[in-house]
Amino acid sequence: MRIAFVDGGTYYHHATYNDPELKPFFDRNIYVLDLPDADLSEVDCLYIASRQNPADLIAARNRIADFLAEGKTVIALGESHCEQWLKGVEWTPGMTNFWWWLTPGEDSGLRMSTPEHDLFRYISLDDATWHRHGTLIIPEGAVSLIDAVEGGSVLYDDSSSGPGRRIVSTLDPCYHHGSYFMPSTTRFLKGFLPWLKQGAARWSLEPDGTSTQ
């Protein structure tokens with residue numbers, strides 16, 4: 001899997017992309033303002049790092065759609081409002097409790113919904129647990145990997161909403177890893193990126209709701 005890191009130009013994107021443990025998983029860095037006209041012929045996956053200006057990605061919306069139409073993969077991470085530039089995404093805002101773990105007995109509200117998914121050979125639920133920024137409506141045929149107890153998904157794998165594959169999350173690991181706090185985000189990236197680089201086996205849903213690889 002040849003992965004391009006779509007870079008919004010912030011310090012946390014720079015820190016994530018240039019981390020010596022993570023950089024080997026990326027084959028190219030594309031500044032988001034260059035994305036609309038970028039040659040993506042030698043790229044299999046656009047890794048759109050978290051917390052970007054959605055206006056920059058809206059400007060690249062057609063290029064992203066064309067990339068998916070070629071059967072390729074887009075990773076859309078949290079706080080970039082991908083519902084505005086990625087067809088089929090529906091996001092529901094919600095209360096964000098940044099410090100829930102400081103309250104004794106508090107529950108993160110996250111649940112592993114498809115434990116047999118290949119990604120969970122590389123990460124645990126704890127690695128994907130810090131806080132969340134709203135939830136996603138799960139598209140028909142998509143596989144939710146992590147659900148919120150109040151309903152909806154915070155991470156899903158979608159090969160059914162059109163050509164290509166969309167892995168969409170409300171989690172924002174690059175921001176926290178590149179800001180040097182929230183250790184679980186570092187663990188998340190150290191598992192998620194090797195999984196992605198090694199090919200990220202496709203999953204889909206059978207009519208009875210069971211997932212298949």
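The questions and answers below cover one predicted model, its pockets, strands and a helix.

Student: What kind of model is this, and what pLDDT do local features need?
Tutor: This is a predicted model, with residues numbered from 1 along each chain as its sequence is written. Side-chain values use heavy atoms, without hydrogens and water; side-chain atom pairs count only at pLDDT 80 or more, totals for chains, interfaces and linings use all residues, and local features need pLDDT of at least 70.

Student: Which helix gives the most to the lining of the largest pocket?
Tutor: A pocket is an open set of points on a 1 Å grid over the protein atoms alone, where a 1.4 Å probe fits, with protein on both sides within 12 Å along at least five of seven lines; lining residues have an atom within 4 Å of a point. Here 13 residues line the largest pocket, and Ala-65, Leu-68, Lys-87, Ser-161 and Arg-166 lie nearest its centre. Five lining residues come from one helix (a DSSP run of H or I, at least four residues, numbered from the N terminus). That helix is H3, residues 61–69.

Student: How much space lies in the largest cavity?
Tutor: A cavity is a set of grid points where the 1.4 Å probe fits but cannot get out. The structure holds one of 30 Å³ or more. Its volume, the space filled by probe spheres set on points joined across faces, edges and corners, is about 100 Å³.

Student: Which residues are closest to the centre of the largest cavity?
Tutor: The lining of the largest cavity has 13 residues. By class, five are nonpolar (Ala, Val, Leu, Ile, Met, Phe, Trp, Tyr, Cys and Pro), two charged (Asp, Glu, Lys and Arg) and six polar (the others, Gly among them). Closest to the centre are Gly-78, Glu-79, His-81, Trp-91 and Ser-169.

Student: Is strand E8 largely enclosed or exposed, and how many of its residues are buried?
Tutor: A strand is a DSSP run of E, at least two residues. Buried means under 20% relative accessible area, exposed over 50%, partly exposed in between (1.4 Å probe, protein chains only). E8 spans residues 143–148 and is largely enclosed by the rest of the structure, because the buried count is five of six.

Student: Which residue in E9 stands opposite Ile-146?
Tutor: Strands pair if DSSP finds at least two bridges between them. Three bridges join E6 (residues 110–112) to E8, antiparallel, and four join E8 to E9 (residues 153–158), also antiparallel. E8 and E9 form a hairpin with four residues between them. Opposite Ile-146 stands Leu-155.

Student: What is the relative accessibility of Ser-144?
Tutor: Ser-144 lies in E8. Contact means heavy atoms within 4.5 Å. Beyond neighbours within four places in sequence, Ser-144 is in contact with residues including Ser-113, Ile-138 and Leu-155. Ser-144 counts as buried, at 8%.

Student: How far apart in space are Gly-152 and Trp-91, C-alpha to C-alpha?
Tutor: Gly-152 lies in the loop between E8 and E9. At 28% relative accessibility, Gly-152 counts as partly exposed. Gly-152 and Trp-91 are 61 residues apart in sequence, but in space the distance is 9.2 Å.

Student: How many of the 15 residues of H5 are buried?
Tutor: H5 (residues 183–197) reaches 22 Å from its first C-alpha to its last, close to the 21 Å expected (1.5 Å times one less than its number of residues). Its buried residues pack against elements including strand E1 (3–7) and helix H4 (173–178). H5 is largely enclosed by the rest of the structure, because the buried count is 11.
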